[in-house]
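User: Please take a close look at a single part of this structure, one of its sheets together with what packs around it, and then set that part in its wider context. A connected explanation suitable for a first-year student would be appreciated.

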Amino acid sequence: MRSTPAILVSSLGKHFGDVVAVDQLSFDVHPGEIFGLVGPDGAGKTTTLRMLAGVLTPDSGSATVAGHDVRLDPEGAKRDLSYMPQRFGLYEDLTVDENIRFYADLFGIRRKEREQRSAELLAAAGFAEFHRRLAGNLSGGMKQKLGLVCALIHTPRVILLDEPTNGVDPVSRRDFWRILYSLVAKGVAILNSTSYLDEAERCHRVGLLYRGRMLFCDRPEELKKRFPGEVVVVHSPDPERTRDALSQADAAREVLLVGDRVHVFVDDAGRRLAELRSCLDAAKISYDSIEQVAPSIEDLFVSAVQREPVEQSAAKPS
Amino acid sequence: MNQTATSVVVENLTKRFGDFVAVDDVTFEARQGEIFGFLGPNGSGKSTTIRILCGLLRPSSGHATVAGIDVARNPEAVRQHIGYMSQKFSLYNDLRVAENLQFFAGMYSVPKNEIPARIAWALHMAGLDGRAQNPTSALAVGWKQRLALGCAVLHRPPIVFLDEPTSGVDPVSRRQFWDLIHNMVGEGVTVFVTTHYMDEAEYCNRLVLLDRGRIVAIGTPTELKSRYMKGQLLLIECEPLGPTLELLQTAPGVLDAAVFGSGIHAVVADAASMAPKLRELLSRKFRPGRIEQIAPSLEDVFVSLTAARATGKEVAA
């Protein structure tokens, strides 16, 4: 049932001096698939995307994008892909409309298609009243949105997005996900790096990158089964004190404040619930509910990343 | 430290750029030792308000005091009482860690004899003990972010403005950053923060939701979730998500639908009567799992209050 991969990465490697940025990386992305790349800062997400976009040459291994080998034929690959780097190259002295027209011309989009597509994208971005503003006068989040509009103005076979929704508000993030779903319905393959783990849940498959290597790669629901242990969630009027109290419990491997809830990682929720309850009672903390929940991608991320030292390659001791 | 109970007072504040009204008649107060969250879509006036409060922009009308000082009349004095950290962190990448701290200590006029102790404090807070001589450019984003916070509060300001301090930072680093914010607030500092992460908005004592320069909601996270949501919310679990979402968006009685994590949130007028109708609709094509009423999250409230106009247009089109 599976098609030929639109992106095929095998044993890809890249180092900068003695820092290994990408290490023996292998994965694929199929037409009609959104693949989410998550990982802490410095994990190698941007380096990977830049190699696939043909702007950085790999040291070892191979990668093909829409059938083009990125090392042998980077120009061929570029024709079939759209790449949105973290800082998209906007012309600050051009207006929003002029930037969009510039990129549409660059990709050879016909006028009629351009007008229809840009109206759709501008509406999704909530840009209607800002289309004549100079790009240099937009706020950070709005520049990010304009970059996305420019990158999505054509429909290539492969789209590479490097943290596209950083600084973008929740309403626009939802609208952009609608656009991404409509693109994959047309058979486009999307590789999307993100630091919003709720967005990772919306991808068809997710790869967790850490120190240049893929720790896990699977569908979100399968990934959650790899979580070592179980998760208990506590709803309480005072989540901070709840977290502090539960941190003292022997059963708690990790205690996280997640918005207005507290997540506790335990080995066996059924056995440990009573212990956690008595811990809260002893600290005289009232709570509305305490129950086992399915782990989220964020829970998996935190447990996988914290099991190794948090020291990052970029900040090694002098 | 300023001991008054109110640290920021904003009355009928308005800022125009040409004929564009960026901040439109905004009024609120923030108390000492409070984490005050500013939410709103991009371009809704959050950063403009913060820049006015920091004395960096003059208001067009209305007025604001910060630590008792009028920001329009005395912007220089305001800057001595506040710390400001922008989205870009504003560190000098070609300087060493300690040199950045030295620079900000000088800029904020930290007394000479206090500088070594304050720098040692900031290094410790940022988790950079023993790394004073590291080049700033080589730090990973999470460390840069904590260093930038250290630079912004070297002079012990009673009020700190953080403009999207965690944008693009991974979840583990974001948690560490919020621990630092909680520590500062524990010492009586007032923290103003803007964010697009709704889990972080939950950590604020009070929230203001701005849309097109106007306040559309104000209150604690709990108040926002209980008072402002228009309609009731259904959680729908049904694969595949994309086609399910399309079907729900055009389904009669569904006011709005969007993907949330691995499920879909649908806004309806009456959850009890709509749940069986939607199950029947979805069962014609798919095999729906759970369909049940849930309490709205902050993101649901945010979307329902700020997307109302745009969604209205889409439906009409």
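Analyst: In this predicted model, B:Leu235 has B:Glu292 of β14(B) as its bridge partner. This pair belongs to a longer match: strand β11 (residues 232-236) of chain B and β14(B) run antiparallel and are joined by four bridges. The two strands are part of an open sheet of four strands in chain B, whose order is β12-β13-β11-β14, with antiparallel pairing. At the edges stand β12 (254-260) and β14 (291-294) of chain B; each has a single partner strand, so one side of each is left without a neighbour in the sheet. The strands are not perfectly aligned with one another: neighbours in this sheet are turned by 30° against each other on average, with direction ignored. As a general point, side chains in a regular strand alternate between the two faces of the sheet.

Two helices accompany this sheet. Helix α9 (residues 241-249) of chain B lies across β12 and β13 (263-268) of chain B, and the helix runs at about 165° to β12(B). Helix α10 (residues 271-283) of chain B packs on the sheet as well, where it touches β11, β13 and β14 of chain B. The direction of α10(B) makes about 30° with that of β11(B).

The link from the sheet to the helix α9(B) deserves attention. B:Pro240 lies in the loop between β11 and α9 of chain B. The peptide bond that leads from B:Glu239 to B:Pro240 is cis, with omega near -5°. Most peptide bonds are trans, and most residues other than glycine have a negative phi.

Where else does chain B contain a sheet of four strands with antiparallel pairing? An open sheet of this description has the order β2-β1-β4-β5 in chain B. Its edges are formed by β2 (20-31) and β5 (69-70) of chain B, each with a single partner strand, so one side of each is left without a neighbour in the sheet. β1(B) and β2(B) pair in the antiparallel sense over eight bridges, and within this pairing B:Val9 has B:Glu29 of β2(B) as its bridge partner. The hairpin of β1(B) and β2(B) has two residues between the strands, and B:Gly18 in this hairpin takes a positive phi near 60°. Strand β1 (residues 6-17) of chain B is also joined by five bridges to strand β4 (residues 61-66) of chain B, again in the antiparallel sense. Here B:Glu11 stands opposite B:His63 in β4(B).

Positive phi values also occur in loops of chain B. B:Ala67, in the loop between β4 and β5 of chain B, is not a glycine and yet has a positive phi near 50°. With 21 other C-beta atoms within 10 Å, B:Ala67 is buried, because the cut-off for a buried residue is 20 or more such atoms. B:Ser109, which is in the loop between α3 (97-107) and α4 (115-125) of chain B, likewise has a positive phi, of about 55°, although it is not a glycine. B:Ser109 is exposed, however, with 9 other C-beta atoms within 10 Å.

These parts can now be placed within the chain. The secondary structure of chain B comprises 12 helices and 14 strands, and the C-alpha trace of chain B spans about 75 × 45 × 35 Å along its principal axes. Of the 317 residues in chain B, 47% are buried. Among contacts in chain B between residues at least 6 apart in sequence, 69% join residues at least 24 apart.

Chain B also meets a partner: 42 residues of chain A are in contact with 39 residues of chain B. On the chain A side, α6(A) provides the largest share, seven residues. By class, that side has 18 nonpolar, 13 polar and 11 charged residues.

One helix pair shows this meeting in detail. α6(A) and helix α11 (residues 298-306) of chain B pack at an angle of about 90°, with their axes 9 Å apart, which means that α6(A) is roughly perpendicular to α11(B). The contact is made by A:Pro170, A:Val171 and A:Arg174 of α6(A) together with B:Glu299, B:Phe302, B:Val303 and B:Thr306 of α11(B). By class, this contact has four nonpolar, one polar and two charged residues.

Terms used. Residues numbered from 1 in each chain as written. Chains lettered and ligands numbered in written order. Predicted model: local features only at pLDDT ≥ 70, side-chain atom pairs only at ≥ 80, totals over all residues. Pairing = 2+ DSSP bridges. Contact = placed C-beta atoms within 7 Å. Nonpolar A, V, L, I, M, F, W, Y, C, P; charged D, E, K, R; others polar. Axes fitted to C-alpha atoms, helices over the stretch in contact; angles between N-to-C directions. Buried ≥ 20, exposed ≤ 12 C-beta atoms within 10 Å, placed from the backbone. Parallel < 35°, antiparallel > 145°, perpendicular 65-115°, else oblique.
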